[in-house]
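Student: I am new to this structure and should like to be guided through it by questions. May we begin with a single residue and then widen the view?

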Amino acid sequence: YQHGSGFAAVNGASRLALFPPNLPIKLPDAAPTGPAHPNVFASEFGAVAMSSFESMAPTLAPKHWGLHAGQRSDNCSGGFERRCEGENVMAERNYPCDNMIEVYFGRAPAGYLDATGEAVFRRQLYQCLLAQALNVKSNIEARRARNELGILVWQLNEIWPTGGWGSLEYGTPVAGQVLGGRWKPLHYLYARSVFADVVAVCGEGGACYVKNDGPRPVAGRIAVRALEFASGVVTPLAAVAVALPAGAGASARFEIDLSAFDGSTHLLIAECIDDSGAVLSTNEMLFAPPSQLQLPTAVVSAGVAEAPNADGSIDVVVSASATALYVVLTSLAQGRFSDNAFALPPGTATVRFLPTGALDRSLLVS
């Protein structure tokens, strides 16, 4: 479990406790995989994060819109369920996120985590959510390299807007919440690659694996590319043929040449494609924490189509003036996006908003 620390609260530790970001991941030595070999069911693990501004803000007075609430810190003591003395409202929100932000985004400037206001709170929450996503992604990718045939993450959903373990936000239909729970960035990563039946992962030194945990054999290829941040140019690095039997745990190792690849200036992308041309997963892999990335300044905007599609979804066109990583869309509208927390080279990409019930376009646009 990656607990939060660095701020006095009812859970976690008041003292800042940093940890390695595990980027790039270091793959374990190759060993046989599949149910015929000794295997592990991992139960359970996770990392903490707050929820989005849309979820958190309605439960706080605007003067407390900040990770430290703009108040004097409480005095908290005890074990797992600590007792806090004071009036800090964020001390009651379970786990802090200071260490998560500082591990992945670097030491916070003086006063940053104490600051309040809508703009800074949105930024703090985005960093906290992305830190959770990167932490759990690295953890699971290392586990899937081993013969772990069951992986149970704590936890699925939050039970209120707090510093918790969920990948889904609080899902009760009250102010700011999406019925069933708004997807956090981590949940989108689960869908795109982390928990895909077929996924390819590369780590330190160009060591890679492809894993099939699905019930059917897979034949196709892995396309490995590098996205250069400065230019937005995507360069093919390798094309690897894949033929795996049915899972669970069918895997193969391969290597790619990363001698000219710089993790501070490039993102590695591995796409699994079957023989019919269907994309089975897309894995966007950082080889350095965000604090070490040399990213251009990007202006990102989004526009919603005038009318929905025949299936009830509606297109959202996202534009970037320069390379933008982990672009996250949020809305008070009921539903979720077809993809989120993705890399966007200069130009446009189209995702769909999938409404829960009737589409409220005006709320989505707002």
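Student: In which strand is Leu280 found?
Tutor: The model before us is predicted. In this model, the strand that holds Leu280 covers residues 279-285. That strand is β11.

Student: Is Leu280 buried, partly exposed or exposed?
Tutor: A residue counts as buried under 20% relative accessible area and as exposed over 50%. The relative accessible area of Leu280 is 31%, so Leu280 is partly exposed.

Student: Which residues does Leu280 touch, leaving aside those up to four places away in sequence?
Tutor: Contact here requires heavy atoms within 4.5 Å. With residues up to four places away in sequence left out, the partners of Leu280 are Ala196, Val198, Val218, Cys272 and Asp274.

Student: What distance separates the C-alpha atoms of Leu280 and Gln71?
Tutor: Along the chain, Leu280 and Gln71 are 209 residues apart. In space, their C-alpha atoms are separated by 48 Å.

Student: Where is Asn88 placed, and is Asn88 buried or exposed?
Tutor: Asn88 belongs to the loop between β3 (83-85) and α2 (98-105). Its relative accessible area is 2%. The limit for a buried residue is under 20%, so Asn88 is buried.

Student: Which residues surround Asn88, and how far is its C-alpha atom from that of Gly70?
Tutor: Not counting residues up to four places away in sequence, Asn88 touches Phe7, His68, Ala69, Gln71, Arg72, Ser73 and Asp74. Gly70 is 18 residues from Asn88 along the chain. The C-alpha atoms of Asn88 and Gly70 are separated by 8.2 Å.

Student: What is the phi of Ala69, one of the residues that Asn88 touches?
Tutor: Ala69 lies in the loop between α1 (53-56) and β2 (75-77). With a relative accessible area of 1%, Ala69 is buried. Most residues other than glycine have a negative phi. Ala69 instead has a positive value, near 65°.

Student: Which other alanine has a positive phi, and is that residue buried or exposed?
Tutor: A positive phi of about 55° occurs at Ala341, although Ala341 is not a glycine. This residue is in the loop between β15 (335-337) and β16 (342-344). A relative accessible area of 0% means that Ala341 is buried.

Student: How many residues of α2 are buried, and against which helix do they pack?
Tutor: In α2, 7 of the 8 residues are buried, which leaves the helix mostly covered. Asp98, Met100 and Tyr104 are among them. These buried residues pack against α3.

Student: Which residue just after α2 takes a positive phi?
Tutor: The phi in question is about 90°. The residue that takes this positive phi, just after α2, is Gly106.

Student: What are the expected and actual spans of α3?
Tutor: Helix α3 runs over residues 118-145 and has 28 residues. At 1.5 Å a residue, α3 should span 40 Å. The agreement is good to the extent that its end C-alpha atoms are 41 Å apart.

Student: How many residues of α3 are buried?
Tutor: Helix α3 is largely enclosed by the rest of the structure. The reason is that, of its 28 residues, the number buried is 22.

Student: What covers the buried residues of α4?
Tutor: Helix α4 is mostly covered, with 9 of its 10 residues buried. Among the buried residues are Pro185, Leu189 and Val194. Their cover includes α3, β4, β5 (198-202), β11, β15 and β16.

Student: Which peptide bonds are cis?
Tutor: Most peptide bonds are trans. One cis bond, with omega near 10°, joins Trp154 to Gln155, and Gln155 lies in the loop between β4 (148-153) and α4 (185-194). Another, with omega near 0°, leads to Pro24, in the segment before β1 (40-45). This bond runs from Leu23 to Pro24.

Student: How does the radius of gyration of the chain agree with that of a compact globule?
Tutor: The chain has 5 helices and 17 strands, and 51% of its 366 residues count as buried. For 366 residues, a compact globule would have a radius of gyration near 21 Å. The value for the chain agrees: 21 Å.

Definitions and conventions:
Residues numbered from 1 in each chain as written. Predicted model: local features only at pLDDT ≥ 70, side-chain atom pairs only at ≥ 80, totals over all residues. Heavy atoms only, no water. Helix = DSSP H or I, 4+ residues; strand = E, 2+ residues; numbered from the N terminus. Rg over C-alpha atoms; globule rule 2.2 N^0.38 Å. Buried < 20%, exposed > 50% of the residue type's maximum accessible area, 1.4 Å probe, protein only. Expected span 1.5 Å × (residues − 1).
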